[in-house]
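Here are a few exercises to work through with the structure open beside you. Try each task yourself before reading its solution.

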Amino acid sequence: MFRGLRPLKCWRYVGVFSDELIAGAALVQIGPARQSFWAAHLRGWPVTRERTRLLPRSREVRLGWSRGADGPGGERGRVLIRDRGLELDLTLEEQPGIEALCPHGRHRVWTRKQAGVRACGTLAIDGEDPREIEALAVIDDTAGHHARYTEWRWSAGVGERPDGVAVAWNLVSGINDPPHGSERAVWVAGEPHEVPAVTFASDLSSVRCEDGSMLRFRAEAERSRRDNLLILSSDYHAAFGSFSGTLPGGIPLARGRGVVEHHRARW
């Protein structure tokens, strides 16, 4: 739970992207504290539905863990959100993903990222009949004793090259980002490879890579939150939307959907 005064911080985050739905959900642990949040944007909705809870309710957000039957509830590869008139129930075809173990302050942080994961299931809104959902997902499993002050920018998403080949990405600056052995990766036809360092525009409108490639981002829905608690203060901004341009490695992106985030935290 603790190393010295540093609490263990771990989370599972799942982002889901399709032509009609963009959604994200997470379960977070910081020392003895727990948190959950979710957000969903359906194209055509006037607003994004969301909720953050500092005392999570298991009936509202459940995420299967890749440990399978040893995970919470014995579930594996599942996203279940039942809250505020929304019921989203998806099965995830999880992959081995990519792992990184990187120094952070005096300790290290472990993470596993998956991207381009097939997600299928149903979505029901305000008591309407469920509709079928076919989507692609990104999954972030992270655990470590982070440095007291942490700031990072992160983007993950899915899309296609002009020739129709599937691509996905996980890009970060400020955490787990050494020159080699980082969590930065691009998937092409399901195969991941590490990419060079990236920088984010201050307004999160673009991500530029050392090799000269650049992703451009257009936000469709955004959520922000500030917390100032006994063991944590954080400033969080996330935006969902569409991407265009070029992925690291010079890979042209015909279309892309995903998330970009900026975090500041004191643990």
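**Exercise 1: a buried acid and its partner**

Glu-94 is buried, with a relative accessible area of 14% (buried means under 20%, exposed over 50%, partly exposed in between, using a 1.4 Å probe and protein chains only). A word on the ground rules: this is a predicted model, where local features need pLDDT of at least 70, side-chain atom pairs count only at pLDDT 80 or more, and totals for chains, interfaces and linings use all residues. Residues are numbered from 1 along each chain as its sequence is written, and side-chain values use heavy atoms, with hydrogens and water left out.

Task: find which residue forms a salt bridge with Glu-94.

Solution.
- Step 1. Recall that a salt bridge is a side-chain nitrogen of Lys or Arg within 4 Å of a carboxyl oxygen of Asp or Glu.
- Step 2. The partner is Arg-12, with the closest N and O atoms 3.0 Å apart.
- Step 3. Now place the two: Glu-94 sits in the loop between β9 (86-92) and β10 (98-104), while Arg-12 is in strand β3, 82 residues apart. Strands are DSSP runs (E, at least two residues), numbered from the N terminus.
- Step 4. Arg-12 counts as buried too, because its relative accessibility is 0%.

**Exercise 2: another pair**

Task: say whether Asp-141 is buried or exposed, and which residue it forms a salt bridge with.

Solution.
- Step 1. Asp-141 has 3% relative accessibility, so it counts as buried.
- Step 2. Its partner is Arg-112, the closest N and O atoms being 3.5 Å apart.
- Step 3. Asp-141 belongs to strand β12 and Arg-112 to strand β11, 29 residues apart.
- Step 4. Arg-112 is buried as well, with a relative accessible area of 15%.

**Exercise 3: around Tyr-236**

Task: work out where Tyr-236 lies and what its side chain makes a polar contact with.

Solution.
- Step 1. Look in strand β20, where Tyr-236 is found.
- Step 2. At 11% relative accessible area, Tyr-236 is buried.
- Step 3. Beyond its neighbours within four places in sequence, Tyr-236 is in contact (heavy atoms within 4.5 Å) with several residues, including Phe-37, Arg-223 and His-263.
- Step 4. Its side chain makes a polar contact with the side chain of Glu-261 (3.3 Å). Such a contact is a pair of N or O atoms within 3.5 Å; within protein, one must be able to donate a hydrogen and the other to accept it, and residues adjacent in sequence count only if both atoms are side-chain atoms.

Conventions. Helix = DSSP H or I, 4+ residues; strand = E, 2+ residues; numbered from the N terminus.
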